[in-house]
Amino acid sequence: MRGCKRSKADANGLPYAEMMENAGRGLAEIVNEIAFDEEWGEVLGLVGSGNNGGDTLVALTHLAEEGWHAGAYLVKRKKNDEYVARLLAAGGEVTLAEDDGDFHTLTAHLESAEIVLDGLLGTGIKLPLKAEVAAVLEHSLVVMEEMDEPPYIIAVDCPSGVDCDSGEVALECIPADLTVTMAAVKQGLLKLPAFEFVGELALVDIGQPDDFASFNELKTEVADDELVAGLLPERRLDSHKGTFGTALIAAGSLNYTGAALLAGTAAYRIGAGLVTLAVPEPLHAVLAGQLPEATWVLLPHEAGFVSGKATDTFLNHVHRATAFLFGPGMGNHIPTRTFIETVISKVKLPTVVDADGLRHLVQIEDWHEKLFPLAVLTPHAGEMSALTGLSKEEIQENRSEVACKYAKEWGHVVVLKGAFTVIASPTGQMTIIPVASPALARAGTGDVLAGLIVGLRAQGLDAYDAAVAGAYIHAEAGLLAAEDLGTTASVLASDILDSVVDIMSELED
């Protein structure tokens, strides 16, 4: 991928060689950070003929100059390469794969290395792998699988053997503990099965110029701690509850009582100053003791579902709110749809629509025009299918394209939930949440996400930023809950709520 940008980079005033220097230096800095506490000092680079191999050699040279025992195992790369010569001059060691027919030297290096840099292959590969490269990777896998303490694997830009467009993976691919990507995360890394080989993700700035068109044209980003921490609202010392807004949440029914509680608690956990829950009247006695911080609007009901006659009662409380969520647990009764159709035409507040609210929208003509501008819609694949008429399979195969297309068509922000949740805006901007975990595949987790987003909207974040921050915090909280419990199978939506506190604390540090 970067190879085709060489002339463009040079044309924009930054020599391509300098970009490689920046990439290698950044990679070496990450190696030093990882190794500091462990007091590691031996590193092996698996080096191919392409740009990733060059990055690896630059990093090895920096490490050798800093006292590391640095070795490079060259596959289809000439020993008279300028970057190889620099490594040798810095005291590094070089082995040619063609001179190691029985892999004796490779085995010895793997068994003594504490860190292995996988720089054999990069973007643009075609599967299956060529025999020589496949043999090196396969032998490395076998050796490390037999070790009691295998080395820490850092993939340079991408694990060798991953198709960075499709996400397909070669059988010989070495799973990484960390993938250090250069300038931008490649889209295939955020697809399965590739994501299972990526480990953690880190990004190195290679110093591309501000007017480098190839990067400026990109409208997709991957959320991380730094990005999301910068989106969160400031919490000044002189704040009061009004500073952080009021989230008004219409949710729940007799069959889905907990949805209102999960959404309301999430809105508070993310920092909203006040949460008002508008629920069918019979739910109040059950819920009030569970969330004493909330205020309540008790809605007329039919058999425990919001009635079409609840509109006036609800609208009397809208003026106090700064953001509005409807849908979690409301059920699919027709009287509730009547309530929703009336309300969305009259409520002029930043809006979030989730769950049953989305399914009711399908039955409302021109619903996307009736919603307050830039609403946040949070469908999973099934709900997106109901909204668009596409099959779930079509949606899952083209998640980014589908989310972007309908965000533009509807004029609202779409949060397409699932593995690698996609947030798309009507302007074409997209953010991907780099998380795929069964910890989030549990009833009620969507209610938590909707509550997080409306809580951020209540505090004044714009629709897109609230969706990105809410989705990222939700995903990270799911991972943390699974880590705390020791299994993804036992994570409940309430566990994710509890973990939101810890994620918020980390982001604020």
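**Exercise 1. Identify how strand 15 is joined to strand 16, and place both strands in their sheet.**

Solution. Strand 15 (residues 351-353) and strand 16 (residues 376-377) run parallel and are joined by 2 bridges. Within this pair, Val352 lies opposite Val376 of strand 16. These assignments come from a predicted model. The next step is the sheet itself: it is open, has 10 strands in the order 8-19-18-17-16-15-14-9-10-11, and shows mixed pairing. Strand 8 (220-222) and strand 11 (295-299) occupy the edges; each has a single partner strand, so one side of each lacks a neighbour in the sheet.

**Exercise 2. Determine which residues of strand 9 point one way and which the other way, and state whether they are buried or exposed.**

Solution. In a regular strand, side chains alternate between the two faces of the sheet. Applied to strand 9, Thr246, Leu248 and Ala250 point one way, whereas Ala247 and Ile249 point the other way, and all are buried. The count for strand 9 (residues 246-250) is accordingly 5 buried residues of 5. As to pairing, strand 9 forms 5 bridges with strand 10 (residues 274-280) in the parallel sense. Thr246 has Leu274 as its bridge partner in strand 10.

**Exercise 3. Describe the open sheet of 7 strands and state which strands stand at its edges.**

Solution. The strand order is 3-2-1-4-5-6-7, with parallel pairing. Strand 3 (93-96) and strand 7 (200-204) each have a single partner strand and stand at the edges, so one side of each has no neighbour in the sheet. From one strand to the next, the twist averages 20°. At the strand 7 edge, 5 bridges connect it in parallel to strand 6 (residues 178-182), and Leu178 is opposite Glu200 of strand 7.

Two helices that pack on this sheet may now be added. Helix 3 (residues 51-65) touches strand 1 (42-47), strand 2 (69-74), strand 4 (115-119), strand 5 (152-156) and strand 6, and its direction makes about 160° with that of strand 1. Helix 5 (residues 104-112) touches strand 1, strand 2, strand 3 and strand 4; in its case the angle with the direction of strand 1 is about 135°.

**Exercise 4. Explain why the buried residues of helix 5 line one face of the helix.**

Solution. First, the buried residues are Leu106, Thr107, His109 and Leu110. Viewed down the axis of helix 5, these fall within an arc of 165°, so they line one face. The general rule is that an α-helix has 3.6 residues a turn, so residues three or four places apart point the same way. The cover over the buried residues of helix 5 includes strand 1, strand 2, strand 3, strand 4 and helix 6 (131-145). On the other side of helix 5, His104 and Glu111 are exposed.

**Exercise 5. Establish whether Asp447 is buried or exposed, and which residues it is in contact with.**

Solution. Asp447 belongs to helix 19 (residues 445-458). Its relative accessibility is 12%; the cut-off for a buried residue is under 20%, and Asp447 therefore counts as buried. Beyond its neighbours within four places in sequence, Asp447 contacts Ala259, Leu262, Ala263, Pro328 and Asp354. Ala259 is 188 residues away along the chain, yet the two C-alpha atoms are separated by 5.9 Å.

**Exercise 6. State which element gives the largest share of the lining of the second largest pocket.**

Solution. The second largest pocket has a volume of about 720 Å³. Of its 35 lining residues, the closest to the centre are His380, Lys417, Leu440, Thr445 and Gly446. Two or more residues each come from helix 10 (257-269), helix 14 (356-361), helix 16 (381-388), helix 19 and helix 20 (463-485). Helix 19 provides the largest share, 4 residues.

Technical notes:
Residues numbered from 1 in each chain as written. Predicted model: local features only at pLDDT ≥ 70, side-chain atom pairs only at ≥ 80, totals over all residues. Heavy atoms only, no water. Pairing = 2+ DSSP bridges. Axes fitted to C-alpha atoms, helices over the stretch in contact; angles between N-to-C directions. Contact = heavy atoms within 4.5 Å. Buried < 20%, exposed > 50% of the residue type's maximum accessible area, 1.4 Å probe, protein only. Arc of directions from axis to C-beta. 1 Å grid on protein atoms, 1.4 Å probe; cavity = no way out; pocket = protein on both sides within 12 Å on 5 of 7 lines; lining within 4 Å. Points joined across faces, edges and corners; volume = space filled by probe spheres on them.
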